Amino acid sequence: MVPAFFHFSSQFDGAESRSSKIACQERRHPCRLLSKPVALTTLKKAGPNPALRRAHHVWLLVPFRVSVYSCYTPGMNDPNRSARTRRSFLKAASVAALCPFAAHAAPQTATPWFLTQGVILGVRDMETYDWPALAKAAGLTTLATHITPSEIAAFVKTEAGQRFLDGCKTHGIAVEHELHALGDLLPRDFFDKDPSMFRMNEQGERVREYNLCVHSKAALDVVAENAVSYAKALPSTSGRYFFWIDDAMPMCRCPECRAYSDCDQALIFENRVLGAIRQIHASATLAHLAYVNTLDPPTQVKPDPGIFLEFAPIERRYDVPFRQRDATGTPATITHGRLLDALDANLEYFGKDNAQALEYWLDVSRFSSWKRDRITDIPWNDAVFRDDLDLYASRGIRHVTTFGVWIDADYIQRWGAAPIEAYGRGLSRWSLREGAPVPIE
Ligand SMILES: [Zn+2]
């Protein structure tokens, strides 16, 4: 077998790396100077190691096949670009370490197709396990908190919360917050002051529980004010915000709202929230969550610029690919075909730019029917997962995340973290070539 090599270029003179197959051919001579293969784990140490930095280049010999990686390394006086460089290096290194003889990572010239490669976590997951380090090792870009704004705002003030945020910063992981928010954005005690701010049920009664009346100016004013407060307390480092309505709960049936679907009402709320957040973060974007009672697109309300589609097919199954249209989910009256039609209709309505798939491939809580005493291992199916990514990529979706709720210290001690590594590998294998996504195998 012909020996081959990995190449990590790390020029720190401000010039763009010349790493490529050509560069490797030009520099074949120094490769031959290495008399024996070097352990791939050395790659992990190359980034922060001053001696290796001064050496400018790290050449490693491994058997079997050629793969070329490199890190674009701009001037060190630009913290953002340096952070990108560090992330790129560590991501490539971690992929190589995870899969040394069949590398899936893209070469330098390929832009990652999936711009968001994320996992959504609950507080206990973040408290009990070093998720930022795990995300880095798996090559992920993003970790998001969950479930409500008040819960996460309290968490980030704790020592564990600060440790989580510091870890994400250290490892170059973006932090987002995917939150069922309306219970916090419109505090329920306002009902005693003005019931018209709250939703009307099918019996014509204003009720305190869940959501709001989107035709109440007073309600939307309170929502906007609190959205700004929570956006300050829980900034999204990517600029992508997620303030959802209450979890699959009904919207208002008052005489004014009745003419609007739950999706249209949700979009009225979202447009107002985005406008409020943009007062403090001009480039902020906000998700419209298509999910359960908001599965179909709106018909009357148009999204303001900056609203993007987030599609969460919670009813689907995971033992067969999502593209299998006749597969029945939960409830059994919903098929994959029904969900896919809704996805396509939403993409048509909101556009594919910034669209995000919110998946459940790693959601222990869902696989355990949200019952701790029935906690189960993730039934990971790599073929299904990869086929699902093919499906999303073919529709132009470039942001993918999954719930990873209940993957905490107990879970990892019992079953290990392998699905997270497989998840990162699957996402990393995609790159953008000439305007279209291409899997690298
Ligand atoms: Zn109403």
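Reader: Which residues are exposed on the other side of α9, away from its buried residues?

Author: The model is a predicted one, in which local features need pLDDT of at least 70 and side-chain atom pairs count only at pLDDT 80 or more, while totals for chains, interfaces and linings use all residues. Residues are numbered from 1 along each chain as its sequence is written. Helices (H or I, at least four residues) and strands (E, at least two) are DSSP runs numbered from the N terminus, and a residue is buried if 20 or more other C-beta atoms lie within 10 Å of its own, exposed if 12 or fewer, and partly exposed in between, with C-beta atoms placed from the backbone. By these criteria the exposed residues on that side of α9 are E159, Q162, D166 and T170.

Reader: What arc do the buried residues of α9 cover around the axis?

Author: The buried residues of α9 are F164, G167, C168 and H171. They lie on the same side of α9 because the arc that they cover around the axis, taken from the directions from the helix axis to the C-beta atoms, is only 100°.

Reader: Against which elements do the buried residues of α9 pack?

Author: Contact requires that the C-beta atoms of two residues, placed from the backbone, lie within 7 Å. The buried residues of α9 pack against two helices and two strands: α6 (123-128), α7, β5 (142-145) and β6 (174-180).

Reader: How far apart are the end C-alpha atoms of α9?

Author: Helix α9 comprises 13 residues, 159-171. The expected span is 1.5 Å times one less than the number of residues, which for α9 gives 18 Å. The distance between the end C-alpha atoms agrees with this expectation, at 18 Å.

Reader: Why is α7 described as largely enclosed by the rest of the structure, and which of its residues are buried?

Author: Helix α7 (residues 131-138) has eight residues, and seven of them are buried, so the helix is largely enclosed by the rest of the structure. The buried residues are W131, P132, L134, A135, K136, A137 and A138.

Reader: Which residues with positive phi follow α7 and α9?

Author: After α7 comes a glycine with phi near 80°, namely G139. Just after α9, a positive phi of about 70° is taken by G172.

Reader: What is the strand order of the open sheet of three strands?

Author: Strands count as paired if DSSP finds at least two bridges between them. β3 pairs with β12 (residues 430-433) over two antiparallel bridges, and four bridges join β12 to β13, again antiparallel. The edge strands, each pairing on one side only, are β3 (111-112) and β13 (436-439). The order is therefore β3-β12-β13.

Reader: Which residue of β13 is the bridge partner of S431?

Author: S431 belongs to β12 and stands opposite P112. In β13, the bridge partner of S431 is V438.

Reader: Which residue in the turn of the β12-β13 hairpin has a positive phi?

Author: The hairpin has two residues between its strands. The turn residue whose phi is positive, about 50°, is E434.

Reader: Is V292, with its positive phi, buried or partly exposed?

Author: V292 lies in the loop between β8 (285-290) and β9, and its phi is near 50°, although it is not a glycine. Because it has 15 C-beta neighbours inside 10 Å, V292 counts as partly exposed.

Reader: What is the omega of the cis peptide bond that joins T330 and P331?

Author: P331 is located in the loop between β9 (307-311) and α13 (336-350). The cis bond from T330 to P331 has an omega of about 5°.
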